[in-house]
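Work through these exercises with the sequence and the 3D view side by side. Try each task before you read its solution.

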Amino acid sequence: MNIILLGPPGAGKGTQARRLVEERGMTQLSTGDMLREARSSGTEMGRKVAEVMDRGELVTDEIVIGLIAEKLAGNAGGGFIFDGFPRTLGQADALGALLDRMGQKLDAVIEMRVDDEALVARITARSTCGNCGEVYNDLTKPIPADGKCSKCGGTEFKRRADDNEDSLRQRLMEYYKKTSPLIGYYYAKGDLTGVDGLGEIDEVSGAIKAVLDA
Ligand code: AMP
């Protein structure tokens, strides 16, 4: 089963994708994670990518489609969760073509609906475990009092360079200008289901599970 998690920055796509990996053995393909890896590689491409990301703008379609095509060639048995991809209509068309070529299809596009005010609060409070990537939030899921990650025991936590209010506003602008048309695109294809992304993590997981098992 191949699915897309669609929604603005901070909607909880990464958190839910990680759950699906654990519960269903699916493979998470996060272009944001791939680009963060590229930027830490110290190459010229990584440096350019870092500048674009820190401004809260989108990296070119060519780069992200290339990254995804490479990962799809590895073909996952349990299916793919596309997290943060596609983000433009061009990327959506390219994904359709890549899956076609592999004789595969998209089974669902889940739109995670959240209110913009909540996004700002969520994102500016967000941190992740430097070892396993578990996501924490100062407001809703604080780092345990003993300072150890509840998943792996790691003690280093980091905040993303682009998780600040200025960059977030730009990321939201990019979302509304370039990514939100995908809601209509996948609706017209008959693939879209919306879930309320504002509830507790378990409630949102339950809503996603209901869509996937329907
Ligand atoms: P994310 O971790 O998904 O929030 O992505 C962080 C940043 O990486 C975004 O603000 C963009 O600069 C870049 N990025 C991630 N995925 C894409 C994509 N599919 N297309 C273009 N830029 C992307």
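The exercises below go from the ligand to single residues.

This is a predicted model: local features need pLDDT of at least 70, side-chain atom pairs count only at pLDDT 80 or more, and totals for chains, interfaces and linings use all residues. Residues are numbered from 1 along each chain as its sequence is written, and side-chain values use heavy atoms, with hydrogens and water left out.

**Exercise 1. The ligand**

Task: Find which residues come nearest to the ligand, and describe the shell around the ligand.

Solution.
Step 1. Start with the rule: a residue is near a molecule if one of its heavy atoms lies within 4 Å of it. There are 16 residues around the ligand, and Thr31, Arg36, Glu57, Arg87 and Gln91 come nearest.

Step 2. Sort the shell by class. It has 6 nonpolar, 4 polar and 6 charged residues. Here Ala, Val, Leu, Ile, Met, Phe, Trp, Tyr, Cys and Pro count as nonpolar, Asp, Glu, Lys and Arg as charged, and the others, Gly among them, as polar.

Step 3. Look for the element with the largest share. Helix α2 (residues 31–39) gives 4 residues to the shell, the largest share. Helices (H or I, at least four residues) and strands (E, at least two) are DSSP runs, numbered from the N terminus.

Step 4. Turn to the oxygen atoms of the ligand. One lies 2.9 Å from a polar side-chain atom of Arg36. A polar backbone atom of Glu57 is 2.5 Å from a ligand oxygen. For a polar side-chain atom of Arg160, the distance to an oxygen atom of the ligand is 3.1 Å.

Step 5. Check the cover. On its own the ligand has 480 Å² of accessible area, and the protein covers 96% of it. Accessible areas come from the Shrake-Rupley method with a 1.4 Å probe.

**Exercise 2. Four cysteines**

Task: Locate the cysteines that UniProt lists for "binding site", then compare the surroundings of Cys129 and Cys152.

Solution.
Step 1. Read the record. The unreviewed UniProt entry lists Cys129, Cys132, Cys149 and Cys152 for "binding site". Such annotations may be inferred rather than shown by experiment.

Step 2. Compare sequence with space. The four are spread over 24 residues of sequence, yet they cluster in space, with a largest C-alpha distance of 8.7 Å.

Step 3. Place two of them. Cys129 sits in strand β5 (residues 126–129). Cys152 is in the loop between β6 (135–137) and β7 (157–158).

Step 4. Judge accessibility. Buried means under 20% relative accessible area, exposed over 50%, and partly exposed in between (1.4 Å probe, protein chains only). Cys129 counts as buried because its relative accessibility is 2%. Cys152 has 35%, so it is partly exposed.

Step 5. List contacts (heavy atoms within 4.5 Å). Leaving out residues up to four places away in sequence, Cys129 touches Glu134, Tyr136, Cys149, Cys152, Gly154, Glu156 and Phe157. On the same terms, Cys152 is in contact with Cys129, Asn131 and Cys132.

**Exercise 3. Asn2**

Task: Is Asn2 buried or exposed, and which backbone atoms does its side chain reach?

Solution.
Step 1. Asn2 lies in the segment before β1 (3–6).

Step 2. Its relative accessible area is 2%, so Asn2 is buried.

Step 3. Now the polar contacts. Each is a pair of N or O atoms within 3.5 Å; within protein, one must be able to donate a hydrogen and the other to accept it, and residues adjacent in sequence count only if both atoms are side-chain atoms. The side chain of Asn2 reaches the backbone nitrogen of Phe80 at 3.0 Å. A polar atom of that side chain also lies 3.0 Å from the backbone oxygen of Lys105.

**Exercise 4. Asp162 and a cis bond**

Task: Which side chain does Asp162 pair with, and where is Pro86 found?

Solution.
Step 1. Asp162 lies in the loop between β7 and α7 (165–179). At 7% relative accessible area, Asp162 is buried.

Step 2. The side chain of Asp162 makes a polar contact of 3.0 Å with the side chain of Arg160. Arg160 also has a polar side-chain atom 3.1 Å from an oxygen atom of the ligand.

Step 3. Pro86 is in the loop between β3 (80–83) and α5 (89–101). The peptide bond from Phe85 to Pro86 is cis, with omega near -5°.
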